[in-house]
Amino acid sequence: MSYATRRRSARVSATHARANSESTISYAALSDVTNRGGVAGGHKGADKGVGRKRARAAIASTGEGDVVDDGVTGDDVIVVAAVENAGGDRDGARAARSARKNTATGSGRAGSEAPPAVGPGDDLECLERMPSARASTRAVPNDARGMVQTNSVEFPFSVHGGRRAQEVASENVLSPYVVNGKYFNVAMRQQLVDWMGEQHAELSLTDETLHLAIRYADTFLSQRVPDVFLQRHGSGSEPVPCAPLKPLEGKRTLYSVDALHPLCNKLKRLGITCVFVAAKVTEVTTPSAVEFARYADVASFTREQLLLAERALLRELNYSLIRPTAFSFAEAYAASAKSALTRYADRFDFESCNFAEYGTREDFLKEATYYLVELAAIAHQSLEFSPSMLGAAAVCATLRHANIAFDEVPMLREVAGYSDKELEKCVEFLKNVTRDAWMIQEYGEGLNVNVKYEGVAEFLFDACGKYVD
């Protein structure tokens, strides 16, 4: 047995002996030592994972012990021995012994207000509260905890909030930019957005990721001349000439499937790159770059090419990735309107509608709002409206199906800052795009968003007869 091994064994034995006479280590010191994996003194070579594993094994081997007020057992002091054995240096051991000494004198017992006294050289600055203290904090009202109420002027999505100020910044303002050219037109953009929604659904990402990705794509194409961008191609990215388009007649907002043709590889690469970058902003965990490249449906598109395309996109976006989306506003406004469904429940016979088998009234409000916002993103005309107006109009149109006026919800009116009259044009646009989606569904292959929100689409399509002039 080596000298180092014998020394560690002797140290463990000595700590076991002290455990029989001492009480518990303070919760703060124990939490800090175990979280650091035995490196309270800052030892760089300690294996944190092994430290935690051995600590748990030491607790399991000592029996149940006496449970004290803070949830730590009397035998948990053995953790210190395991932590020291896992690679803690002398400073870490000295810090743990100092914490035990303070505990034995009564300064670190459960229920004590003050944290354990440690020396200036001991790196034990964990200020975590006891479980009972944390529970009392959770019971404090929202305003006392510093959380912003939805009707506060500091709420990010309110009239004076940061998101509303962000959407009027010059780099975030978008307007209709597509000019029907040789290689790119309005129908091509419609197909690109629908294709991005399909790949987004296959990757099981959040809704905000899709809307942010669409925002990236529109920003990129609006700053480039799409025809010039598509002509500058490499191997396997040859542009495909667009089919001739007739102007949309009347109140039409979407082209039928007959006017579409397969996307060129370069637009697919752009679309999947936008989703890839947006996922890094909004998702907790994301698929690998290899998987994103595979979902581009381009055989020659590799992980390395995806990373190169990501750099080009970031440069075009000027590395400004936090951008306002209609979905984020719609989500906030729908939360503010939720109480109206209960207050005016007698106006809408929810049980008899065909959405009742899919969910509750609250589900209907959210699903219908999200469907209208995502459906609107497919139409090029949606760029005429700001994200906040589109989000508010989607909530307004949904409430009208429940026979509730936008102005009848004071909190919603206060937060959004819009009135029924101001939203009328945008609500009319949403009616038109819903009618066009119904017509595409009836006479063509349909849109991916209709499959994603099947229950809401079925409900709205039943009402499409009154939208048809």
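## Pockets, cavities and a few telling residues

Helices α8, α18 (420-443) and α19 (448-452) each supply at least two residues of the lining of the second largest pocket. The model discussed here is a predicted one. Within that lining, α8 is the biggest giver, with five residues. The pocket itself, second largest in the protein, has a volume of about 370 Å³. It takes 19 residues to line this pocket, and those closest to its centre are Gln 191, Asp 194, Glu 198, Glu 445 and Gly 446. Sorted by chemical character, the lining of the second largest pocket comes out as nine nonpolar, six polar and four charged residues.

Stepping back to the whole chain, the fold is built with 20 helices and zero strands. The protein has 469 residues, and buried ones make up 49% of them. Contacts can also be sorted by how far apart the partners sit in the sequence. Taking the contacts with a separation of 6 or more, 76% are between residues 24 or more positions apart.

Next come the enclosed spaces. Rolling a probe the size of a water molecule over the atoms shows where empty space is left. For this model, the search turns up four cavities of 30 Å³ or more. The largest cavity holds about 200 Å³ of space. Its lining is made of 15 residues, and nearest the centre of this cavity lie Ile 214, Arg 215, Ala 326, Ala 377 and Leu 390. Three helices, α9 (207-223), α15 (361-378) and α16 (387-401), each bring at least two residues to the lining of the largest cavity. The largest share, four residues, comes from α9. As for character, the lining of the largest cavity splits into nine nonpolar, three polar and three charged residues.

What about the cysteines? The count of disulfides comes to zero. A disulfide needs two cysteine sulfur atoms within 2.5 Å. For Cys 396, the closest cysteine sulfur belongs to Cys 426 and is 9.3 Å away, so the two are too far apart for a bond. Seen from the other end, Cys 426 is in no disulfide either, its nearest cysteine sulfur being that of Cys 396 at 9.3 Å. Both residues are tucked away from the surface: Cys 396 counts as buried because its relative accessibility is 0%, and Cys 426 is buried with a relative accessible area of 0%.

Asn 185 is worth a stop of its own. This residue is found in the loop between α7 (162-167) and α8 (186-202). Is Asn 185 buried or exposed? With a relative accessible area of 5%, Asn 185 is buried. Leaving aside residues up to four places away in sequence, Asn 185 touches Val 178, Asn 180, Cys 242, Ala 243 and Leu 245. The side chain of Asn 185 also reaches the backbone nitrogen of Ala 187, at 3.2 Å. Asp 227 is 42 residues from Asn 185 along the chain, yet the C-alpha atoms of the two are separated by 9.1 Å.

Glu 310 sits in a helix, α13 (residues 303-316). Glu 310 is a charged residue, and it is buried, with a relative accessible area of 11%. Not counting residues up to four places away in sequence, Glu 310 touches Thr 273, Phe 276, Val 277 and Lys 280.

Two loop residues round off the tour, both picked out by their backbone angles. Ser 204 is not a glycine, yet its phi is positive, near 55°. This serine is found in the loop between α8 and α9. Ser 204 counts as exposed because its relative accessible area is 63%, and the cut-off for exposed is over 50%. Asn 403 is not a glycine either, and has a positive phi of about 60°. The loop that holds Asn 403 runs between α16 and α17 (410-416). Asn 403 is partly exposed, with a relative accessible area of 47%.

Conventions: Residues numbered from 1 in each chain as written. Predicted model: local features only at pLDDT ≥ 70, side-chain atom pairs only at ≥ 80, totals over all residues. Heavy atoms only, no water. Buried < 20%, exposed > 50% of the residue type's maximum accessible area, 1.4 Å probe, protein only. Contact = heavy atoms within 4.5 Å. Polar contact = N/O pair within 3.5 Å; in protein donor to acceptor, adjacent residues only side chain to side chain. 1 Å grid on protein atoms, 1.4 Å probe; cavity = no way out; pocket = protein on both sides within 12 Å on 5 of 7 lines; lining within 4 Å. Points joined across faces, edges and corners; volume = space filled by probe spheres on them.
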